[in-house]
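Here is a short walk through one structure, with an eye on rings, cysteines, pockets and backbone oddities. Have a look at the sequence and the model before reading on.

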Amino acid sequence: MVYTVQKFSNEDNSYSVDISEVADLHVISYEVERDLNPLILSNCQYQVQQGGETSQEFDLEKIQRQISSRFLQGKPRLTLKGIPTLVYRRDWNYEHLFMDIKNKMAQSSLPNLAISTISGQLQSYSDACEALSIIEITLGFLSTAGGDPGMDLNVYIEEVLRMCDQTAQVLKAFSRCQLRHIIALWQFLSAHKSEQRLRLNKELFREIDVQYKEELSTQHQRLLGTFLNEAGLDAFLLELHEMIVLKLKGPRAANSFNPNWSLKDTLVSYMETKDSDILSEVESQFPEEILMSSCISVWKIAATRKWDRQSR
């Protein structure tokens with residue numbers, strides 16, 4: 001309304017106020033019976049027509065001017081700054097979330113013993129989903145409030161977040177984790193959930209564009225097989241999965257991650273930009289010929305190879 005008055009009056013006397021700083025004097029306030037009705041009736045003319053009927057004529061321009069001068073002039077326009085917003089987890093920008101957490105508390109990688117404990121406890125798809133959901137909720141709170149990186153994760157979940165109704169199986173899986181592991185834990189659990197979906201033949205990476213889902217040629221499958229036989233699969237699967245889910249969603253992903261680029265060079269560059277340890281075997285042994293257009297197929301083949309090794 002304030003903007004409309006300014007537009008049609010050709011006056012630029014308004015100012016802006018952040019929503020978080022709004023006071024009573026900034027608000028358009030009126031009561032219909034006390035303020036509007038008398039103003040309208042004072043600008044109404046009554047005429048008696050032939051036959052005794054009475055007609056009413058309102059001076060609309062005068063009413064408009066009086067409403068504008070009495071209620072609208074001097075009121076600010078409100079900016080969106082400071083308005084709390086609700087964003088669904090599927091729409092979160094996890095990179096911004098991680099940066100907020102790192103600015104508030106130190107982070108470190110998951111110890112191997114913690115990884116073994118989590119893998120042993122979360123062997124069903126439902127447990128993996130519940131565990132990831134808990135971690136994502138925790139990420140949201142830590143990105144805003146921060147926390148003590150040395151606090152046990154289970155203590156934070158049960159005593160700070162009051163999420164005491166979670167299954168004992170999931171909480172037991174977090175027994176060796178602290179808040180300093182929260183980002184690494186998200187990376188591990190998101191990949192672990194995808195591995196479980198792959199084993200159940202469920203659809204993977206639905207939100208990733210088809211241009212990253214090309215099948216590998218027979219020659220490229222042989223080259224990849226040679227690499228997977230010689231390289232450690234765990235770290236490779238985690239880093240590739242993270243790049244896929246964080247960078248390749250949305251129709252504009254190809255502008256920054258061209259499907260025709262080398263997968264090896266792109267993955268190494270991605271790890272460098274997030275200050276992660278570069279996987280030496282990827283840098284030295286991964287086939288140059290395999291492109292980003294086949295990154296989904298590469299991840300699926302590597303995850304299947306990992307499962308086969310564990311099943312022996």
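What follows is a quick tour of this model, topic by topic.

## Aromatic pairs

Keep in mind that this is a predicted model. Searching the whole structure turns up seven aromatic pairs. One of them joins Phe227 and Phe286: the ring centres sit 5.1 Å apart and the planes meet at 80°, which is over the 60-degree cut-off, so this pair is edge-to-face. Phe227 belongs to helix α10 (residues 218-230), while Phe286 is in the loop between α14 (280-285) and α15 (295-311), so the contact ties together parts that are 59 residues apart in sequence. Both rings' residues, Phe227 and Phe286, are buried.

There's also an aromatic cluster to look at, and its members are Tyr94, Phe98 and Trp186.

## Around Leu224

Stay with helix α10 for a moment, since Leu224 is found there too. Leu224 is buried because its relative accessibility is 0%, and the cut-off for buried is under 20%. Measure out from its C-alpha and you meet two residues that are far along the chain. The C-alpha of Phe286 is 7.4 Å away in space, with the two positions 62 residues apart in sequence terms. The C-alpha of Val298 is 7.7 Å from that of Leu224, and here the two are 74 residues apart along the chain.

Val298 itself is in helix α15. Its relative accessible area is 0%, so Val298 is buried as well.

## Cysteines

How many disulfides does the structure hold? The count is zero. As for where individual cysteines sit, Cys44 comes out at 9% relative accessibility and therefore counts as buried. Cys177 has a relative accessible area of 0%, so Cys177 is buried too.

## The largest pocket

The largest pocket holds about 1,300 Å³ of space. Its lining is made up of 46 residues, and those nearest the centre are Gln187, Leu238, Glu239, Glu242 and Lys274. If you're after the chemistry of that lining, it splits into 17 nonpolar, 16 polar and 13 charged residues.

Which helices supply at least two residues each of the lining? They are α4 (94-104), α5 (112-121), α9 (182-199), α11 (233-247), α13 (263-273) and α15. In domain terms, domain 2 (94-200) and domain 3 (210-311) each give at least three residues to the lining of this pocket.

## Positive phi without glycine

Two residues are worth a look in a backbone check. Arg162 has a positive phi of about 60°, although it is not a glycine. Arg162 lies in the loop between α7 (153-160) and α8 (168-173). Is Arg162 buried or exposed? With 64% relative accessibility against a cut-off of over 50%, Arg162 counts as exposed.

Phe205 is another non-glycine residue with a positive phi, in this case about 50°. Phe205 is found in the loop between α9 and α10. Its relative accessible area is 10%, so Phe205 is buried. Put side by side, Arg162 is exposed, whereas Phe205 is buried.

Note on methods. Residues numbered from 1 in each chain as written. Predicted model: local features only at pLDDT ≥ 70, side-chain atom pairs only at ≥ 80, totals over all residues. Heavy atoms only, no water. Phe/Tyr/Trp six-rings, centres within 6.5 Å; stacked < 30°, edge-to-face > 60°. Helix = DSSP H or I, 4+ residues; strand = E, 2+ residues; numbered from the N terminus. Buried < 20%, exposed > 50% of the residue type's maximum accessible area, 1.4 Å probe, protein only. Disulfide = S-S within 2.5 Å. 1 Å grid on protein atoms, 1.4 Å probe; cavity = no way out; pocket = protein on both sides within 12 Å on 5 of 7 lines; lining within 4 Å. Points joined across faces, edges and corners; volume = space filled by probe spheres on them. Nonpolar A, V, L, I, M, F, W, Y, C, P; charged D, E, K, R; others polar. Domains from an automatic or database assignment.
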